[in-house]
Amino acid sequence: MNEHVGADALLEGVRWGRLTRHVDERGSFTELWRASWFRDGGFAQANRSISATGVLRGLHFHRRQLDYWIVSSGRAFVALVDVRPMLTGADRPLVETRELAADESVVIPIGIAHGFLALEPLELVYVVTNEYDSSDELGFAWDDPTAAVAWPAVGSTPGGRPILSQRDRSNPSLRELVASLGPAS
């Protein structure tokens with residue numbers, strides 16, 4: 001049985017959860033997904049991300065895609081940035097962070113930017129409601145002062161800075177991203 005906890009989430013539509021791992025002398029079995037757990041629609045694509053300690057992926061934003069993340073192994077510092085208030089005129093987004101370990105999950109609704117920092121070697125499985133579409137692969141700077149995510153320092157990298165992809169190093173500011181999206185429809 002999978003527990004999806006919504007009551008303790010700060011951001012509307014976010015559901016944190018914990019999977020049940022069944023262990024015996026042969027190994028383990030974990031149910032990752034059931035259609036009855038999701039009222040948000042069906043999934044169209046599944047992905048697996050493997051990250052070394054200190055890798056930061058994000059902050060990414062989708063206008064047409066819900067994400068369901070499951071930590072298979074390792075630990076991640078997860079940052080969620082609710083951009084929706086800024087699309088309707090608010091000055092700042094809402095931010096929620098949490099550390100996730102193996103068998104923990106989060107459902108990330110449309111309109112909430114997301115990113116994670118691998119606190120140790122990390123395997124993350126995620127399923128999404130749309131197939132990859134480059135026109136919906138948006139993002140903003142991981143260290144944007146408007147979002148002000150309190151990322152932990154990375155002890156194993158020079159200066160405690162995360163390891164980033166070229167894409168994530170060149171993302172615009174949050175305010176530039178919001179301006180490029182135009183008024184909410």
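**Figure 1. Pairing of strands S6 and S11 in the predicted model.** In this predicted model, strands S6 and S11 are joined by 3 bridges and run antiparallel. Within this pairing, Phe116 of S11 is the residue opposite Arg57. S6 covers residues 56–61 and S11 covers residues 112–118. S6 is also joined to strand S13, again in the antiparallel sense, by 2 bridges. In that pairing, Gly139 of S13 stands opposite His60.

**Figure 2. Strand S11 and its surroundings.** Buried residues are those with under 20% relative accessible area. By this criterion, 7 of the 7 residues of S11 are buried, and the strand is therefore largely enclosed by the rest of the structure. Ile112, His114, Phe116 and Ala118 point one way from the strand, while Ala113, Gly115 and Leu117 point the other way. The residues of both sets are buried. S11 also pairs with strand S8, residues 75–82, through 7 bridges in the antiparallel sense. Here Ile112 of S11 has Asp82 opposite to it.

**Figure 3. The open sheet that contains S6 and S11.** Five strands form an open sheet with antiparallel pairing, and their order is S9-S8-S11-S6-S13. The edges are occupied by S9 (94–101) and S13 (138–139); each has a single partner strand, so one side of each is left without a neighbour in the sheet.

**Figure 4. Strand S12 and its two partner strands.** Strand S12 comprises residues 122–128, and because 6 of its 7 residues are buried, the strand is largely enclosed by the rest of the structure. Strand S5, residues 45–51, runs antiparallel to S12 and is joined to it by 7 bridges. One of the residue pairs is Ile50 with Glu123, the latter in S12. Strand S7, residues 67–73, is likewise antiparallel to S12, with 6 bridges between them. In this case Ile70 has Val125 of S12 as its bridge partner.

**Figure 5. The largest pocket and its lining.** The volume of the largest pocket is about 420 Å³. Its lining consists of 25 residues, and those nearest the centre are Arg57, His60, Tyr126, Glu137 and Arg167. Several of the strands shown above contribute to this lining: S5, S6, S7, S11 and S12 each supply at least two residues, as does helix H2 (166–169). Classified by residue type, the lining contains 10 nonpolar, 10 polar and 5 charged residues. Two of the residues nearest the pocket centre, Arg57 and His60, also appear in Figure 1, where Arg57 stands opposite Phe116 and His60 stands opposite Gly139.

Notes. Residues are numbered from 1 along each chain as its sequence is written. This is a predicted model: local features need pLDDT of at least 70, side-chain atom pairs count only at pLDDT 80 or more; totals for chains, interfaces and linings use all residues. Side-chain values use heavy atoms; hydrogens and water are left out. Buried means under 20% relative accessible area, exposed over 50%, partly exposed in between (1.4 Å probe, protein chains only). Helices (H or I, at least four residues) and strands (E, at least two) are DSSP runs, numbered from the N terminus. Two strands pair if DSSP finds at least two bridges between them. On a 1 Å grid over the protein atoms alone, a cavity is a set of points where a 1.4 Å probe fits but cannot get out, and a pocket is an open set with protein on both sides within 12 Å along at least five of seven lines; lining residues have an atom within 4 Å of a point. Grid points are joined across faces, edges and corners, and a volume is the space filled by probe spheres set on the points. Ala, Val, Leu, Ile, Met, Phe, Trp, Tyr, Cys and Pro count as nonpolar, Asp, Glu, Lys and Arg as charged, and the others, Gly among them, as polar.
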